[in-house]
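Me: I'd like a close look at one part of this protein rather than a full tour. Could you pick a spot, walk me through it, and then tie it to what surrounds it?

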Amino acid sequence: MAIQWFPGHMNKARKELSTRLKDIDVVIEMLDARLPGSSANPMIAAMTRGKPSLKILNKQDLADPAVTALWLDHYERRPGTRAIGLDAGERAPAQRLIAACRELAPGRGGLEKPLRVLICGIPNVGKSTLINSLTGRRIAKTGNEPGITKGQQRILLADDFELVDTPGMLWPKIIVEQGGYNLAASGAVGRNAMDEEEVALELIAYLMRHYPDQLGERYKIGEMNGRQDYEVMEAIGRRRGAMLGGGRVNIQKTAEIILTDFRAGQVGRLSLERPEEWVVWEKAAREAEQRLRAEREAHRLERQGKAAPDNPARAPRKGRG
Ligand code: G4P
C-alpha cells in the first residue's frame, strides 16, 4: 500500500535533527508497543547509528503483554540498547526513564557534563502525553491529528538531565507493506493518506490468524475457521447495523468501526507484529527493493546501450566484425 505522507515540515525536521544529534548522548525512540517494527523510523535509525539508544514501547496497555515481552527482549539483545514498556497509566515514568538513560551513558552526568537526551517518535505515539507526565505540566501538543508539528524544545528533567523534544516524524517511503498497514491501523497516518477499507481488511486478516477468539467475542460473529476476511468484515457490519439500502453492508462505515475499536483497545490487548515476523517482512521488502533498483538500473543501461555490471547476459550484441 502506498502511503502519501511526507509533508515539507518533516523534511525540515529531519535537517534540524541531523544538526542536533552531534550534542546528543542518548536517543530515546518511542515506539508503539502494538507495532514496534513498523513504528521504528528507518531514517532515524540510519541517522542515530552508534548512539546509545533507549526504546520505549509505549501504549503497552493496548498491546498483547506476551508479545511486548518478546519485543523488549529483542531490543535488549542489541548492543548499546535498553528497552522499557510504558503507558500513560504509569504515574511516575521519569525515574525509570532517567535511570535507563544514565545506564546507557555512564560517562555523563553532573553539572559539568549534563546528560543530553533526544526523544523522537512517529506522530501519535504518545510522546506529548509522556512529556507532559514527565514535567507535570502541559507543555507539548497533545491530540490525534498526525503530523501537527512544533519546533524542537529543551526540557530540564533534572539539573543535569536535558531532554530535547522533536516533532513527530514519518519517513518518505514505507517499504514494508505490512508496516504501512499497521501504521495506518494504529492511527499514525492521516485519514486522507490511506484506504480505510484496505487497512481494516488487513487488520481483520491478521486478527483472524492471531486473535480469532477476541475478534469473534467482540463482535459476536462466531467461529473464524474457514471464513475469508471480507466475509468477516461483512458479518461485523451487519452486527453493528452499518447497512446501506437493499440489505447491503456499508463497508466504509464498517471499516471505520473496526479501526476505531482497535485503536481504543475495544477488541482486546492486541499486537500486530512479533519480532520474528517483522524480521521476515523487512528482509523480503529490502530484497524486493534491491531487485527493483537492479532492474531499473539494468533498464537504464540497456537504454544507453551498455551492459549492467552484474548482468553481462544483457550486454548489447557486438557486430560480427
Ligand atoms: P504524540 O505527541 O506522539 O503525537 O501523541 P499524543 O501524546 O498526542 O497522544 C496521541 C493519542 O494517544 C492521545 O489520544 C493520547 O491520549 C493517546 N495516548 C498516549 N499515550 C497513551 C498510552 O500509553 N495508552 C493509550 N491507550 N493511549 C495513549 P487522543 O484520543 O488523541 O486524545 P485524548 O483521548 O487524550 O484526548
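Reply: Let's begin with K283, which counts as exposed because its relative accessibility is 53%, over the 50% cut-off. Keep in mind that this is a predicted model. K283 sits in helix α11, so that helix is the part to zoom in on. Along the chain, K283 and V176 are 107 residues apart, yet their C-alpha atoms are separated by 8.9 Å.

Stay in α11, which covers residues 275–303, and look at its tryptophans. W278 and W281 are 3 residues apart in this helix, so about one helical turn separates them. W278 is buried, at a relative accessible area of 10%, whereas K283 is exposed. How many aromatic pairs does the count come to? The count is 2. In the W278 and W281 pair, the ring centres are 6.3 Å apart and the planes are at 80 degrees, so this is an edge-to-face pair. The reasoning is short: 6.3 Å falls within the 6.5 Å limit for a pair, and 80 degrees is over the 60 that edge-to-face calls for.

Now for the pocket. The largest pocket holds about 980 Å³ of space, and 37 residues line it. Which element gives the most to that lining? It's α11, with 7 residues. Nearest the pocket centre are N41, P42, A45, E282 and R286. Other elements that each supply at least two lining residues include β1 (26–32), α2 (42–47) and β2 (53–58). The helices α3 (65–76) and α6 (177–186) also each supply at least two.

Strand β1 deserves a stop of its own, and E29 is a good way in, since E29 lies in that strand. Is E29 buried or exposed? At 4% relative accessibility, E29 counts as buried, the cut-off being under 20%. Leaving out residues up to four places away in sequence, E29 touches S39, A40, N41, L54, K55, I56 and C120. One of these, N41, is also among the residues nearest the centre of the largest pocket.

A couple of backbone oddities are worth a click while you have the model open. Most residues other than glycine have a negative phi. N124, though not a glycine, has a positive phi of about 80 degrees. N124 is found in the loop between β4 (115–121) and α5 (127–135), and it is buried, with a relative accessible area of 17%. K220 also has a positive phi, near 50 degrees, and isn't a glycine either. Its loop runs between α8 (212–219) and α9 (229–239), and K220 is partly exposed at 48% relative accessible area. Just before K220 in the numbering, the charged end of R218 sits over the ring of Y219, 5.8 Å from the ring centre.

Finally, zoom out for context. The protein has 321 residues, of which 47% count as buried, and its secondary structure comes to 11 helices and 6 strands. Take the contacts between residues at least 6 apart in sequence: 69% of them join residues at least 24 apart. The accessible surface is about 16,400 Å², with 49% of it belonging to carbon and sulfur atoms. Back at α11, then, you have an exposed K283, a buried W278 and 7 residues in the lining of the largest pocket.

Terms used
Residues numbered from 1 in each chain as written. Predicted model: local features only at pLDDT ≥ 70, side-chain atom pairs only at ≥ 80, totals over all residues. Heavy atoms only, no water. Helix = DSSP H or I, 4+ residues; strand = E, 2+ residues; numbered from the N terminus. Buried < 20%, exposed > 50% of the residue type's maximum accessible area, 1.4 Å probe, protein only. Contact = heavy atoms within 4.5 Å. Areas by Shrake-Rupley, 256 points an atom, 1.4 Å probe, with all protein chains shown as cover. Phe/Tyr/Trp six-rings, centres within 6.5 Å; stacked < 30°, edge-to-face > 60°. Lys NZ or Arg CZ within 6 Å of the ring centre and 35° of its normal. 1 Å grid on protein atoms, 1.4 Å probe; cavity = no way out; pocket = protein on both sides within 12 Å on 5 of 7 lines; lining within 4 Å. Points joined across faces, edges and corners; volume = space filled by probe spheres on them.
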